[in-house]
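Student: I should like to work through this model step by step, with the reasoning made explicit at each point.

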Amino acid sequence: GQPMQLYFMKKDKLPLSVSTLILLIVTITYKMVLVVLGLAVLVIRPPVVMHYLNPILFWCYLGIILNVICVWVMLALVFHPDWMHRMVAAMDGAMEKYSQAAAFFKSHKIIVLQVLVITFFQRGCLFLVTVAACRSLGVTAGSIGLIVLLQGMISVAVDMLPFPGGVGISEALFLRIFTPLCGGTLALPA
């Protein structure tokens, strides 16, 4: 997690302010990827995807709302530190770091865009693990794109829930979505 990332960045002689800024940018882009994916699916509503998502739509909408709030708050912290400072007066030190993040975002737009693209790629690769698991178990139903989108929507749904790693709810949603796709006997091992 982030505390360990900060620890190793410190071991690599990166100043804490730089490490914090890097982690802030990565967190914002990570959440933005989930928001974009979730909103795209819920706005476009591809019929085959929605067929599998119907049992968990509540969790998808909840995940989108929580992720949007999180991204909004983090961006407000970055781009409006004075406004946020008035709201959270006790966090003076943190507000300075967010001011530094705002300056970085404004002056390094290409880097932030590159991080966003890399994060989309990373998340896509992570969602491909589900494809590999399904295919290795002989599940041929569902295209690669469908499986990636469904796994992505599980991440959208559980990412902001207050459980460590979304444990339990991730598995429950996976079973609800993938049992019709994989069959009852193969969904659990997948």
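The exchange below treats the overall fold, one helix pair, a surface patch and a loop residue.

Student: How many helices and strands does the secondary structure of the protein chain come to?
Tutor: The model is a predicted one. From the N terminus on, each element in the run is an α element. The count for the protein chain is accordingly 10 helices and 0 strands.

Student: What percentage of the 190 residues in the protein chain is buried?
Tutor: A residue is called buried when its relative accessible area is under 20%. Among the 190 residues of the protein chain, the buried share is 37%.

Student: Is helix α8 roughly parallel or roughly antiparallel to helix α9?
Tutor: Helix α8 covers residues 144–158 and helix α9 covers residues 169–182; their axes lie 10 Å apart, and the packing angle is about 155°. Angles over 145 degrees count as roughly antiparallel. Therefore the orientation of α8 relative to α9 is roughly antiparallel.

Student: Is the crossing of α8 and α9 left-handed or right-handed?
Tutor: The two helices pack with their axes 10 Å apart. The handedness assigned to the crossing of α8 and α9 is right-handed.

Student: Is Leu173 buried or exposed?
Tutor: Leu173 belongs to helix α9. Its C-alpha is 9.5 Å from that of Gln151, although 22 residues separate Leu173 and Gln151 in sequence. The relative accessibility of Leu173 is 3%, and the limit for burial is under 20%, so Leu173 counts as buried.

Student: Which helix gives the most residues to the nonpolar patch?
Tutor: The patch has an area of about 370 Å² and is formed by Leu39, Val43, Ile44 and Val68. One helix, spanning residues 16–44, supplies 3 residues to the patch, and this leading contributor is helix α2.

Student: Why does Val43 count as exposed?
Tutor: Val43 is situated in helix α2 and is one of the residues that make the nonpolar surface patch. The cut-off for an exposed residue is over 50% relative accessible area. Val43 counts as exposed because its relative accessible area is 65%.

Student: What is the phi of Arg45, a residue other than glycine?
Tutor: Most residues other than glycine have a negative phi. Arg45, found in the loop between α2 and α3 (47–53), has instead a positive value, near 50°.

Student: Where does Arg45 fall on the scale of buried, partly exposed and exposed?
Tutor: Buried residues are under 20% and exposed residues over 50%, with partly exposed residues in between. The relative accessibility of Arg45 is 37%, so Arg45 is classed as partly exposed.

Note on methods: Residues numbered from 1 in each chain as written. Predicted model: local features only at pLDDT ≥ 70, side-chain atom pairs only at ≥ 80, totals over all residues. Heavy atoms only, no water. Patch = residues over 30% accessible without salt bridge, like charges linked within 9 Å, V, L, I, M, F, W, Y side chains within 5 Å. Areas by Shrake-Rupley, 256 points an atom, 1.4 Å probe, with all protein chains shown as cover. Salt bridge = Lys/Arg side-chain N within 4 Å of Asp/Glu carboxyl O. Helix = DSSP H or I, 4+ residues; strand = E, 2+ residues; numbered from the N terminus. Buried < 20%, exposed > 50% of the residue type's maximum accessible area, 1.4 Å probe, protein only. Axes fitted to C-alpha atoms, helices over the stretch in contact; angles between N-to-C directions. Parallel < 35°, antiparallel > 145°, perpendicular 65-115°, else oblique. Left-handed = near helix turned anticlockwise from the far one by under 90°.
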